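Q: I have a model open and would like to go through it with you, piece by piece. Could we begin with a single residue and work outwards?

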Amino acid sequence: QAGETCQPKEKDAWPFYKISEDHDRGGGGLPQWPQVGWSDPYLSIDDPAFRKGGFSFYMYDEDPFDMTRAEECFYKHHKIKDKDNFNDWDDKLSLVLRLYLPELRIWPTLREHPMRTKDPEKANLFIVGYSPLLGQMGAPCGEESADVWEGRVAEALKKSKWYQRNQGADHLMFWMKYNQVAAAPLTAVINSGMLIATTDRFFWNVYRNIPKPFVRGTVVIMPYLDSSFIDIEGVDLSEPQHKNSSTRYFFRGMMKRRFGKRGTLVEMQNMLTGTTFVDKRIPYQPTPQLLKDNAKEIFESEMCMCPQGDAPTSGRVFEALAAACVPIIISPKGLMPTNMPFPSLIKWDEIAFFADNFDEITKKTGGLEGFAKQLENMPSDRLKCMQKKSREVYYERMSYFHNPLGVTEGMLFESWVLLQKRHLMEGPYREAKVYNELPGSKYGKSAKARLRRFLRRRFRRRFR
């Protein structure tokens, strides 16, 4: 992370903001989470405190947690003959399915990772080898229903003395898809206090199904799994990406979503030079040619618009980073500081712009015009710097196809941070103020209040 900075000395004017300057301040004026307590807010993943400080994880991967059969069934069902032929993933899987399947790249990496211990006595983190999404899609080839399987998983966890030791507070489970629902016994176990790995903590459907981990703030945010036409094709970092001035700004997607007033892009299009904004719904079936065409345009674009929709982020943020198209993330500033992957490792303000959502921008007279003017006047040398850094960071920490180890270690690192946050292991991490999230205690009051206010505004109903 050392070296050249892409940031100007003066801050960008509203509606831009920096997520590194968390708006929820703790004691001493420091951000409360996630860049808390480091003398330098960013720690290298190669720091001895992480690599040689006694951190290790145990992975439940024996029955009923063994997913290898389900993985085989998944590939067979979707007719993917060669799981390492990544273009085949886009040929056979719909975008809305592929985005939420990082486990297929993470599990094999975890199984062989040097920090894995086979002795649970030595482990700090326990990774649950069952994934509800993948398990339900490949519940081994119809031999057992997903509900029965998940019931056995829940029962095995409750009986585990390692789970009982901290009421599951040092256990991590993947819950990646927005509309995922698990069997009631497993949902109850997850809600008891486990860590959750997911793509977006503020996706309304996710915290509707398992609200308590999100109230506790015990979430590891993961990147979405991108198209192979972007992840694989853009891997040569030595070559700068050719940009086409006629497609300076890029957006593909539905203009009408639950939140964020995305349709404002239509109005904004007349204020910008070189836009290619298209209102398009992605079909629920494989669309390899569409993905290939989109990839070409993203690679040629300088800035990619990433407005809030059903969730504050989306897969387009990570596609933009891989293609050196600087993401313009237009989402509420109260949500984003804790909603980007691996915040202890990635300087997000160096590789993406963050702007308040269109609901707020359009409230202010001249707000939209001012926002467009700032984008039009963005210095080219700053954009080039951010484009270069975005690709470097993406392939170091967010590329499932090219570098699954980098993604896996980002997840392990943030889990390590959260274990210290929950006072379950010693380490260099120190909070700006004590946060009431100890296992067995009530949920952190400030987190619960923020989530209640958010839900009340969005759905006009009480969160209990």
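Q: Is Ser227 buried or exposed?
A: Ser227 counts as buried because its relative accessibility is 1%; buried means under 20% relative accessible area, exposed over 50% and partly exposed in between, with a 1.4 Å probe and protein chains only. The model is a predicted one, in which local features need pLDDT of at least 70 and side-chain atom pairs count only at pLDDT 80 or more, whereas totals for chains, interfaces and linings use all residues. Residues are numbered from 1 along each chain as its sequence is written, and side-chain values use heavy atoms, with hydrogens and water left out.

Q: Where does Ser227 lie?
A: Ser227 is in the loop between strand 6 (219-221) and helix 12 (228-231). Helices (H or I, at least four residues) and strands (E, at least two) are DSSP runs, numbered from the N terminus.

Q: Which residues does Ser227 touch?
A: Leaving out residues up to four places away in sequence, Ser227 touches Asp90, Arg98, Leu291, Glu319 and Phe401, where contact means heavy atoms within 4.5 Å. In addition, a polar atom of the Ser227 side chain lies 3.1 Å from the backbone nitrogen of Phe229.

Q: Changing topic, how are the strands of the open sheet ordered?
A: The open sheet has five strands in the order 2-3-4-5-6, with parallel pairing; two strands pair if DSSP finds at least two bridges between them. Strand 2 (57-60) and strand 6 are the edge strands, each pairing on one side only. From one strand to the next, the twist averages 25 degrees.

Q: How many bridges join strand 2 to strand 3?
A: Four bridges join these two parallel strands, and Met59 stands opposite Ile127 in strand 3. Strand 3 (residues 125-128) also pairs in the parallel sense with strand 4 (residues 171-174), over two bridges. There, Ile127 stands opposite Leu172.

Q: Which way do the strand 3 residues point?
A: Leu125 and Ile127 point one way, Phe126 and Val128 point the other way, and all are buried.

Q: What packs on the sheet?
A: Helix 5 (residues 103-111) does, touching strand 2, strand 3 and strand 4, and its direction makes about 120 degrees with that of strand 2. Axes are lines fitted to C-alpha atoms, for helices over the stretch in contact, and angles run from 0 to 180 degrees between N-to-C directions.

Q: And how do helix 2 and helix 5 pack, at what angle?
A: Helix 2 (residues 68-77) and helix 5 pack at about 145 degrees, with their axes 12 Å apart. Thr68, Glu71, Phe74 and Tyr75 in helix 2 meet Leu104, Trp107 and Arg111 in helix 5.

Q: What about the largest nonpolar core, how many residues has it?
A: The largest nonpolar core has 107 residues, and those with the most contacts inside it are Ile127, Met222, Trp348 and Met411. Such a core is a set of buried Ala, Val, Leu, Ile, Met, Phe, Trp, Tyr and Cys residues joined through side-chain atoms within 4.5 Å. Helix 19 (residues 404-421) supplies the largest share of this core, eight residues.

Q: Finally, how many helices and strands are there in the protein?
A: The protein has 20 helices and 11 strands. Buried residues make up 60% of its 464 residues.

Notes. A polar contact is a pair of N or O atoms within 3.5 Å; within protein, one must be able to donate a hydrogen and the other to accept it, and residues adjacent in sequence count only if both atoms are side-chain atoms.
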